[in-house]
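These questions and answers work through a single protein chain. Please keep the sequence and the model in view while reading.

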Amino acid sequence: MALKVAIVGLPNVGKSTLFNALTETAAAQAANYPFCTIDPNVGDVAVPEPRLEALAQIAKSKEIIPARINFVDVAGLVRGASKGEGLGNQFLANIRDCDAVALVARCFEDPDVTHVEGRVDPLSDLETVETELMLADLESLERRIVNVEKRARGGDKESAQTLRLAQLALAELNAGRPARTAKVGPDDEKAWRMLQLLTAKPALYVCNVDEASAAHGNALSEAVAARAAKDGAKSVVISAKIESEIAGLEPAERAEFLEALGLSEAGLARLIGEAYALLGLQTFFTAGPKEARAWTIRIGAAAPEAAGVIHTDFEKGFIRAETIAYDDYVRLNGEAGAREAGKLRSEGKDYVVRDGDVMHFRFNV
């Protein structure tokens with residue numbers, strides 16, 4: 001499952017600095033002026049997964065392959081972006097194919113880094129960004145409704161469903177709420193996604209704080225966290241400056257550096273963890289002499305769907321899944337020990353995959 005997260009915010013909130021640090025690249029130009037990033041930058045990042053190393057050692061795997069996540073650095077928005085200000089529409093379009101949106105709020109004071117609106121107010125920043133995304137959605141829906149109304153009146157069921165959902169989204173947006181607040185039933189989820197609404201995407205608030213506030217946050221980040229809780233969203237505190245420093249360290253030095261700052265893990269791990277929780281995702285594993293590998297799947301997925309993440313033929317010809325819980329696999333030193341202890345289970349099509357399952361699929365095509 002390819003997970004793609006858009007990093008969105010006003011200029012000079014630390015968005016591109018964060019992107020550079022997360023992807024350990026200098027692909028995005030972090031400059032002190034609006035719209036320094038003209039084209040979206042996409043960074044492919046390994047999902048931190050400490051359990052993989054243990055599996056690889058036990059299975060004597062030649063290769064370790066983590067799951068991947070893509071971060072898309074979208075150029076800073078400004079007021080009027082939904083109307084094309086500062087090439088705004090071009091940047092808004094880059095968000096549409098992402099699974100989630102990370103809304104970066106500046107929660108630090110720095111006289112050397114100018115703010116596009118001349119003050120540091122993360123709640124106002126978030127309001128500006130959310131408003132521009134909502135205005136873009138309104139414009140998109142109003143154009144779409146013109147096209148589907150006629151077909152819906154002619155009896156086209158698909159158009160009637162699209163029209164109903166578009167009107168549902170419009171009601172939320174006109175009330176000043178993002179489209180994600182709309183109540184959408186299971187039968188409408190696919191059609192709802194086809195509307196490609198920016199504010200229907202799950203949102204995570206990222207509080208970019210100064211180094212001294214990295215461990216516990218500050219008054220500004222607390223205000224953002226309260227706003228997130230009110231909206232039923234998640235928030236995470238990260239110091240883009242610290243992440244930049246971590247990116248330049250050797251792996252052995254990183255743990256010592258984090259410990260000195262009172263941090264148990266890097267911001268990347270926390271951000272990805274919150275993104276997984278936001279999207280309802282979990283990890284299962286495959287392990288053998290060739291490779292130990294992590295795979296991403298939605299929580300609640302059945303075994304055939306997990307098989308399909310590896311290859312569509314696995315899902316089509318699914319017979320059963322030989323499954324071992326991660327803790328049992330490690331405690332019993334692998335598949336042979338788990339089998340002998342009765343901890344290797346043969347699961348059928350109705351089995352719901354659990355986080356950490358080590359799986360081997362039997363299939364016939």
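Q: Is Cys207 buried or exposed?
A: This is a predicted model, and in it Cys207 has a relative accessible area of 1%. Buried means under 20%. Cys207 is therefore buried.

Q: Which cysteine sulfur is nearest to that of Cys207, and how far away is it?
A: A disulfide needs two cysteine sulfur atoms within 2.5 Å. Cys207 is in no disulfide, and a search of the whole structure finds zero disulfides. The nearest cysteine sulfur to Cys207 is that of Cys107, 4.4 Å away.

Q: Which strand gives the largest share of the largest nonpolar core?
A: The largest nonpolar core has 63 residues, and Val8, Ile69, Phe71, Ile95, Leu103, Val206 and Leu271 touch the most other members. Seven residues of this core come from residues 100-107, the largest share. That strand is β5.

Q: How many residues are in the other core that lies apart from it?
A: Among the members of this other core are Ile145, Leu163, Ala166 and Trp192. The core has 18 residues.

Q: How many residues apart in sequence are Asp97 and Lys4?
A: Asp97 forms a salt bridge with Lys4, with the closest N and O atoms 3.4 Å apart. Asp97 is in the loop between α3 and β5, while Lys4 is in strand β1. The pair links distant parts of the chain, 93 residues apart.

Q: Why does the salt bridge of Lys241 with Glu211 tie together separate parts of the sequence, and how many residues apart are they?
A: The closest N and O atoms of Lys241 and Glu211 are 3.5 Å apart. Lys241 is exposed at 53% relative accessibility, whereas Glu211 is partly exposed at 31%. Because Lys241 lies in helix α8 and Glu211 in the loop between β6 and α7, the pair ties together parts whose separation in sequence is 30 residues.

Q: Is Glu291 buried or exposed?
A: The side chains of Glu291 and Arg293 meet in a salt bridge, 3.9 Å from N to O. Arg293 is partly exposed at 26% relative accessibility. Glu291 has 18% relative accessibility, and the cut-off for buried is under 20%. Glu291 therefore counts as buried.

Q: How far apart in space are Val309 and Thr296, C-alpha to C-alpha?
A: Val309 is in helix α11 and is partly exposed, with a relative accessible area of 21%. Val309 and Thr296 are 13 residues apart in sequence. Their C-alpha to C-alpha distance is 7.9 Å.

Terms used:
Residues are numbered from 1 along each chain as its sequence is written. This is a predicted model: local features need pLDDT of at least 70, side-chain atom pairs count only at pLDDT 80 or more; totals for chains, interfaces and linings use all residues. Side-chain values use heavy atoms; hydrogens and water are left out. A nonpolar core is a set of buried Ala, Val, Leu, Ile, Met, Phe, Trp, Tyr and Cys residues joined through side-chain atoms within 4.5 Å. Buried means under 20% relative accessible area, exposed over 50%, partly exposed in between (1.4 Å probe, protein chains only). Helices (H or I, at least four residues) and strands (E, at least two) are DSSP runs, numbered from the N terminus. A salt bridge is a side-chain nitrogen of Lys or Arg within 4 Å of a carboxyl oxygen of Asp or Glu.
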